[in-house]
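Biologist: Hello! Could you walk me through how to read a protein model, one feature at a time?
Modeller: Gladly, let us put it on the screen and begin with a hairpin.

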Amino acid sequence: MADRRQVLRFGAVAAAAPALGGAVASPAFAHDRPGGHERRTTLVVGHRGASGYRPEHTLASYELAARMGADYLEPDLVSTKDGVLVCRHEPEIGGTTNVASHPEFADRRRTVVLDGVSVTGWWTQDFTLAELKTLRATERIPGTRQHNTLFDGLFEVPTFQELLDLRKRLVKELNRDLGVFPETKHPTFFRDLGLELETPLVRVLRRNGLDRRGAKVFIQSFEAKNLRTLADQHRVEVPLVFLSSASGTPFNDTRTYADYLTPVGLKELSEYVDGLGPEKGQIIPRKADGTLATPTTLVRDAHQAGLKVIPYTFRAENSFLPAELRVGTDPNAYGKAIDEQVTFLRAGIDGLFTDQADIGVLARSLA
């Protein structure tokens with residue numbers, strides 16, 4: 001019974017999206033091809049917005065992804081000192097803001113053990129929202145995305161509520177529904193600080209009428225226990241997605257990611273989650289020479305367990321592409337990113353996270 005409930009919930013989100021005009025395909029999961037052949041249509045998720053073109057997790061990045069045709073916008077959520085959810089890739093903000101140039105915050109730089117690893121920098125949990133709002137975002141990987149540094153210092157650190165406000169405005173302006181795909185970042189870490197993420201996340205979603213069947217929202221996490229808490233204690237109505245890494249274990253968990261992704265593990269996950277967000281190499285690994293190998297059985301196994309599969313992260317630069325799809329010798333130049341995404345789409349995935357939403361939309365139309 002639980003499995004059927006989860007599958008229906010996931011399907012309701014897909015069915016809620018209206019068909020789109022122009023070159024943007026509908027985000028439903030299946031359509032018919034001419035001649036009666038079924039065509040799978042995947043979701044395009046703007047990974048941290050359009051982070052290939054603007055500094056990640058800024059309202060400018062999210063808006064650009066939406067205008068490029070992304071079905072969902074993906075914010076990573078961390079907490080401020082006063083318990084407000086803000087959009088940052090990590091709680092350490094030295095690499096994504098200009099905090100180092102603010103002498104008034106110099107004494108906030110410190111070393112913190114984050115999920116068992118010592119990291120030195122500035123931390124969102126040491127700043128109130130008002131203090132964070134005095135900072136401005138910067139490009140996280142300037143060596144790879146030098147163009148994005150043009151926008152350094154222009155954009156604030158947005159709150160989750162501000163992203164939802166942007167979504168509401170764009171839904172009206174673009175005349176199409178637009179989803180959000182929030183990730184709880186390091187939920188055990190924040191819980192141990194007395195700043196647990198689940199309650200404020202659910203509160204914000206419900207305040208905005210987005211924790212309901214049919215709402216275009218997925219909640220994702222690398223920690224299965226976090227998702228279990230959202231399902232069992234908070235009883236969220238929106239689908240949950242378990243993120244996985246190619247190696248290791250979720251923090252403070254005795255089970256490895258590999259164990260979770262066995263047929264038995266997938267069946268157990270389906271009791272409380274609706275989809276998987278695997279690292280893309282778990283679907284099509286790479287050979288020793290860096291070229292794509294034969295696909296694994298993960299997509300098939302997940303579908304048999306009633307789970308959808310939305311892998312991460314697709315990027316256009318050569319340094320992120322399989323060897324046979326790189327063009328030239330510049331690691332920061334664009335390669336054959338469309339070809340890579342088409343290959344994965346034809347492997348049966350149900351969506352993809354991409355830094356360049358326009359490429360994802362085009363690849364979907366070609367798959």
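**Reading the model together**

Modeller: Look at Val-113, whose bridge partner in strand S8 is Ser-118. Keep in mind that this is a predicted model.

Biologist: What is the general idea behind strands that pair?

Modeller: Strands of a sheet pair through backbone hydrogen bonds, either parallel or antiparallel.

Biologist: How many bridges join S7 to S8, and do the strands run parallel or antiparallel?

Modeller: Strand S7, residues 110-114, and strand S8, residues 117-121, are joined by five bridges and run antiparallel. Within this pair, Arg-110 stands opposite Gly-121 in S8.

Biologist: What lies between S7 and S8?

Modeller: Two residues separate them, and the two strands form a hairpin. Check the backbone of Asp-115 in the turn, where phi is positive, about 50°.

Biologist: Now for a sheet. Which strands make up the open sheet, and in what order?

Modeller: The open sheet has four strands in the order S9-S4-S3-S15, with parallel pairing. Strand S9 (179-180) and S15 are at the edges with a single partner strand each, so one side of each has no neighbour in the sheet.

Biologist: Which strand is joined to S9, and by how many bridges?

Modeller: Strand S4, residues 72-74, is joined to S9 by two bridges, and these strands run parallel. To find the register, start from Tyr-72, which stands opposite Gly-179 in S9. As a general guide to side chains, in a regular strand they alternate between the two faces of the sheet.

Biologist: Let us turn to helices. How do I read a packed pair?

Modeller: Ask for the axis distance, the angle, the handedness and the residues that meet. Helix H11 (residues 337-345) and helix H12 (residues 357-366) have axes 9 Å apart and pack at an angle of about 55°. H11 and H12 are therefore oblique to each other, and their crossing is right-handed.

Biologist: Which residues of H11 meet H12?

Modeller: On the H11 side they are Ala-337, Ile-338, Gln-341, Val-342 and Leu-345. Their counterparts in H12 are Ile-359, Gly-360, Leu-362, Ala-363, Arg-364 and Leu-366. The residues of this contact between H11 and H12 divide into eight nonpolar, two polar and one charged.

Biologist: Which residues of H11 are buried, and what covers them?

Modeller: The buried residues of H11 are Ala-337, Glu-340, Gln-341, Val-342, Phe-344 and Leu-345. Their cover includes H12 and strand S15 (351-354), the strand we met at an edge of the open sheet.

Biologist: May I try another pair? How do the axes of H4 and H6 cross?

Modeller: The axes of helix H4 (residues 160-174) and helix H6 (residues 198-207) cross at roughly 25° and come within 11 Å. That angle is under 35 degrees, so H4 is roughly parallel to H6. The crossing of H4 and H6 is right-handed. Phe-160, Gln-161 and Leu-164 in H4 meet Leu-201, Val-204, Leu-205 and Arg-207 in H6. In this contact of H4 with H6 there are five nonpolar residues, one polar and one charged.

Biologist: What about single residues? Is Thr-159 buried or exposed?

Modeller: Thr-159 has a relative accessible area of 8%, which is under 20%, so Thr-159 is buried. Its place is in the loop between helix H3 (129-132) and H4. Beyond its neighbours within four places in sequence, Thr-159 is in contact with Val-84, Leu-85, Val-86, Cys-87, Leu-129 and Lys-133.

Biologist: And where does Ala-231 lie?

Modeller: Ala-231 lies in helix H7, residues 224-232, and is buried with a relative accessible area of 13%. Setting aside residues up to four places away in sequence, Ala-231 touches Val-236, Leu-240 and Tyr-272. Tyr-272 is 41 residues from Ala-231 along the chain, yet their C-alpha atoms are separated by 6.2 Å.

Biologist: To finish, how many helices and strands are there in the protein?

Modeller: The protein has twelve helices and 15 strands. Of its 367 residues, 56% count as buried. Among contacts with a separation of 6 or more, 66% come from residues 24 or more positions apart.

Key. Residues numbered from 1 in each chain as written. Predicted model: local features only at pLDDT ≥ 70, side-chain atom pairs only at ≥ 80, totals over all residues. Heavy atoms only, no water. Pairing = 2+ DSSP bridges. Axes fitted to C-alpha atoms, helices over the stretch in contact; angles between N-to-C directions. Parallel < 35°, antiparallel > 145°, perpendicular 65-115°, else oblique. Left-handed = near helix turned anticlockwise from the far one by under 90°. Contact = heavy atoms within 4.5 Å. Nonpolar A, V, L, I, M, F, W, Y, C, P; charged D, E, K, R; others polar. Buried < 20%, exposed > 50% of the residue type's maximum accessible area, 1.4 Å probe, protein only.
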